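I opened this notebook to record what I looked up in the structure, going from the overall fold to single residues.

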Amino acid sequence: MQHQEEVKNILANVLNLGERKHSLREDTILLGNLPELDSMAVVNVITALEEYYDISIDDDEISANTFETLGNLTRFVEQKLSY
């Protein structure tokens with residue numbers, strides 16, 4: 001997953017994780033594990049990903065599974081970039 005560091009940085013910046021970003025790995029659970037990741041934060045992360053990667057993400061493309069782990073979120077972004 002070549003974009004994992006970028007996705008991790010975007011997530012950390014939007015959620016203001018500071019040094020905690022260094023503990024995020026591919027299998028790190030996001031939803032329910034990061035208190036900062038509430039419904040508004042999800043919207044902000046999606047917006048940041050759209051702007052950074054110049055992609056468009058429709059509401060029906062997103063599920064809880066997308067934000068389950070850092071790896072899932074990275075794979076989602078990479079799938080969007082491959083279109």
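What share of the contacts in the protein with a separation of 6 or more is accounted for by residues 24 or more positions apart? I looked this up in what is a predicted model, and I found that such pairs account for 63% of those contacts.

Fold. I counted 3 helices and 0 strands in the protein, and reading along the sequence I noted the pattern α-α-α. The radius of gyration came out at 11 Å, close to the 12 Å that the globule rule gives for 83 residues, so I entered the protein as being as compact as a globular protein of that length. For the dimensions, I noted that the C-alpha trace spans about 35 × 25 × 20 Å along its principal axes.

Surface and charge. I looked up the exposed area, which is about 5000 Å², with carbon and sulfur atoms supplying 45% of it, while buried residues make up 41% of the 83 residues. I also looked up the charges, 6 positive and 16 negative, and found that the mean positions of the two sets are 8 Å apart.

Core. In soluble globular proteins, nonpolar side chains tend to be buried together, and with that in mind I turned to the largest nonpolar core. This core holds 24 residues, of which Leu-11, Leu-37, Leu-49 and Leu-73 touch the most other members. The elements that give two or more residues to this core are α1 (4-15), α2 (39-53) and α3 (70-81), and I noted that α2 provides the largest share, 7 residues.

I then followed Leu-49 on its own. Setting aside neighbours within four places in sequence, I listed its contacts as Val-7, Ile-10, Asp-54, Ile-55, Leu-73 and Val-77. Among these partners is Leu-73, which I had already entered as one of the core residues that touch the most other members.

Two single residues. Is Thr-74, which lies in helix α3, buried or exposed? I found a relative accessibility of 0%, and because buried means under 20%, Thr-74 counts as buried. Not counting residues up to four places away in sequence, Thr-74 touches Met-1, His-3, Gln-4 and Val-7, and Val-7 is also among the contacts I listed for Leu-49.

Asn-9 lies in helix α1, and at 27% relative accessibility I entered Asn-9 as partly exposed. Finally I looked up the separation of Asn-9 from Ala-41, 32 residues apart along the chain, and noted that their C-alpha atoms are separated by 14 Å.

How values were computed:
Residues are numbered from 1 along each chain as its sequence is written. This is a predicted model: local features need pLDDT of at least 70, side-chain atom pairs count only at pLDDT 80 or more; totals for chains, interfaces and linings use all residues. Side-chain values use heavy atoms; hydrogens and water are left out. Helices (H or I, at least four residues) and strands (E, at least two) are DSSP runs, numbered from the N terminus. The radius of gyration is taken over C-alpha atoms; the globule rule is 2.2 Å times the number of residues to the power 0.38. Buried means under 20% relative accessible area, exposed over 50%, partly exposed in between (1.4 Å probe, protein chains only). Contact means heavy atoms within 4.5 Å. Accessible areas come from the Shrake-Rupley method with a 1.4 Å probe; for residues, only the protein chains shown count as cover. Lys and Arg count as positive and Asp and Glu as negative; His and the chain ends are not counted. The place of a charge is taken as NZ of Lys, CZ of Arg, CG of Asp or CD of Glu. A nonpolar core is a set of buried Ala, Val, Leu, Ile, Met, Phe, Trp, Tyr and Cys residues joined through side-chain atoms within 4.5 Å.
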